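Please look at the sequence together with the three-dimensional structure shown below. The report after it treats an enclosed space, then a sheet, and then some single residues.

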Amino acid sequence: MTSFSGLSTALTGLQAARRGLDVTGQNIANANTDGYTRQRVVQQSVGAPEVPALWATYDGGGGGVRVTDIARLSDDFLTARARSESGTLSQLTARQATMAGVESVLGEPGDTGIASQLSDLWAAWHDVANRPGDLAARAQLLARTTTAADGFRAAHLKLDTQWSAGREQLAVAVDQVNITAANVAELNQAILRSTQAGIPVNELRDQRDQLINSLAQATGAVARAGENGTIDVYLGGIALVRGDRAETLAVSGATSMTDLRSGPSPAPSVTWTSIGTPAVLGGSIGGQVEALGVTIPKYADDLDAVAFALRDTVNAAHAAGYDLDGNAGVAMFSATATAKDIANLVTDPRMVAASAQAPNPDPSLDGSNASVLAEIGRGASSPDDVYRRLVVDVGAAAQAANRRQSIQASVSTQAAAALESAVGVNVDEEMVGLLSYQRAYEAAARVITAIDEALDVLINRTGLVGR
């Protein structure tokens, strides 16, 4: 043990304090960086050598300090929980958006919705019943009949548009998942190589975690630790990413709601490209698949049921009457497979079959059949009744979706806050650490100065005699 060993010990203190200042500065610089995980210097004291020399003993006080690692203060449990809650929130948000779109299609309650159009239609039949010979009342009836048919076609077209937009968004989202998965695999390889070379990889791990978070939000993916610092990503137990290899997904199934509902094409799904089987998905993509395969087609079927009820009841009652020329009533609405094709077939006001008998009494004086038609909206299982059930169903489903999304948003926010408190940068805490490392650096420097002064006396002044 010599005086020079004290310099070496103080030097290790300088180096450790400087490294601490560097890492603290990195934390402060990234305090507002999304996805950054704070880092800490891990120090270890250097003890006496196990075998200092042959036939010798070591009587020193230790060899100083060394930095063994720059630890990334991550929390695997909180990270997994935050990802899981985020994926569930994304799925519920997609479901909420779907129901909001369906609600906007119906537009109820409102003055331009189907309910209002049906009410105007029955009122127009009342006007014809009161004035069966008035061509203006008959023309108004035909106009409102056309308006009602247009309302059904417009609503169905909006559902078609919502479905097609969702199908396109699904394809884009799956492509993005494939790109993200490939990037995770590349980062796994980069982290593995850097770790083997002794290069710090904390920032690379932050980038990888951000990408895995995106996969969790999109698909509900689950991450598991792999070998040598890699992370594997699974969907329903099948690996999307394993080490430096990534699988791909593809969208299959119907490309239009017409193809889906007519039968030749299955519902859209996301499948594994390599094996062709459907992937088990959550997240926003899981919500989109549900919307395309279940939710939107269901409400399109329900809308068709209302249109069919209107078509069948009005056509049957109209066929039982007679027009102004004594002819039997014809079908007012076209026979269609879906609501998007329903149309008013009667364009001549004289062809409105308002009379119950012909030719006596005079058809221009008899409005009894028009009265029957005017009361259709009040009957059980009427088009209005079927439509009200549809509106109530949509409203209840939308309310449930909103409630579940709101609750899950709160849960997800709490999970994210817990993770941030554990791995995020606290500037006040970093300032305390900064002062601590600064004082440690100054103290180590002072030790070197003290030893230097002692050595100066020893070397340059020992043995000198004053004259």
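The largest cavity holds about 30 Å³ of space, where a cavity is a set of points, on a 1 Å grid over the protein atoms alone, at which a 1.4 Å probe fits but cannot get out. Its volume is the space filled by probe spheres set on the points, which are joined across faces, edges and corners. The structure holds one cavity of 30 Å³ or more. This is a predicted model, in which local features need pLDDT of at least 70 and side-chain atom pairs count only at pLDDT 80 or more, while totals for chains, interfaces and linings use all residues. Residues are numbered from 1 along each chain as its sequence is written, and side-chain values use heavy atoms, with hydrogens and water left out.

The lining of the largest cavity, meaning residues with an atom within 4 Å of a point, is made up of Arg 95, Thr 98, Met 99, Gly 287, Glu 290, Ala 291 and Thr 295. Helix H2 (76-106) and helix H7 (283-319) each supply at least two residues of this lining, and the largest share, four residues, comes from H7. Helices here are DSSP runs of H or I with at least four residues, strands are runs of E with at least two, and both are numbered from the N terminus. By character, the lining residues divide into two nonpolar, three polar and two charged; Ala, Val, Leu, Ile, Met, Phe, Trp, Tyr, Cys and Pro count as nonpolar, Asp, Glu, Lys and Arg as charged, and the others, Gly among them, as polar.

The sheet is an open one of four strands in the order E3-E4-E5-E6, with antiparallel pairing, and two strands are said to pair if DSSP finds at least two bridges between them. At its edges stand E3 (222-225) and E6 (245-246), each of which pairs on one side only. Four bridges join E3 to E4, with Val 222 standing opposite Tyr 234 in E4. Strand E5 (residues 238-242) pairs with E6 over two bridges, and Arg 242 has Arg 245 in E6 as its bridge partner. Helix H4 (residues 135-197) lies across E4 (231-235), E5 and E6 and runs at about 55° to E5; this angle, on a scale from 0 to 180 degrees, is taken between N-to-C directions of axes fitted to C-alpha atoms, for helices over the stretch in contact.

Which residue takes a positive phi in the hairpin of E3 and E4? Asn 228 does so, near 55°, in a hairpin with five residues between the strands. Most residues other than glycine have a negative phi, and most peptide bonds are trans. A cis peptide bond, with omega about -10°, joins Glu 108 and Pro 109, and Pro 109 lies in the loop between H2 and helix H3 (114-130).

The table lists the relative accessibility of three residues, where buried means under 20% relative accessible area, exposed over 50% and partly exposed in between, with a 1.4 Å probe and protein chains only.

| Residue | Place | Relative accessibility |
|---|---|---|
| Gln 408 | helix H9 (residues 383-423) | 11%, buried |
| Asp 206 | helix H5 (residues 202-219) | 7%, buried |
| Asn 228 | loop between E3 and E4 | 53%, exposed |

Setting aside residues up to four places away in sequence, Gln 408 touches Glu 85, Thr 88, Leu 89 and Leu 92, contact meaning heavy atoms within 4.5 Å. With neighbours within four places in sequence likewise left out, Asp 206 is in contact with Gly 35, Tyr 36, Thr 37 and Arg 72.

Note on methods: 1 Å grid on protein atoms, 1.4 Å probe; cavity = no way out; pocket = protein on both sides within 12 Å on 5 of 7 lines; lining within 4 Å.
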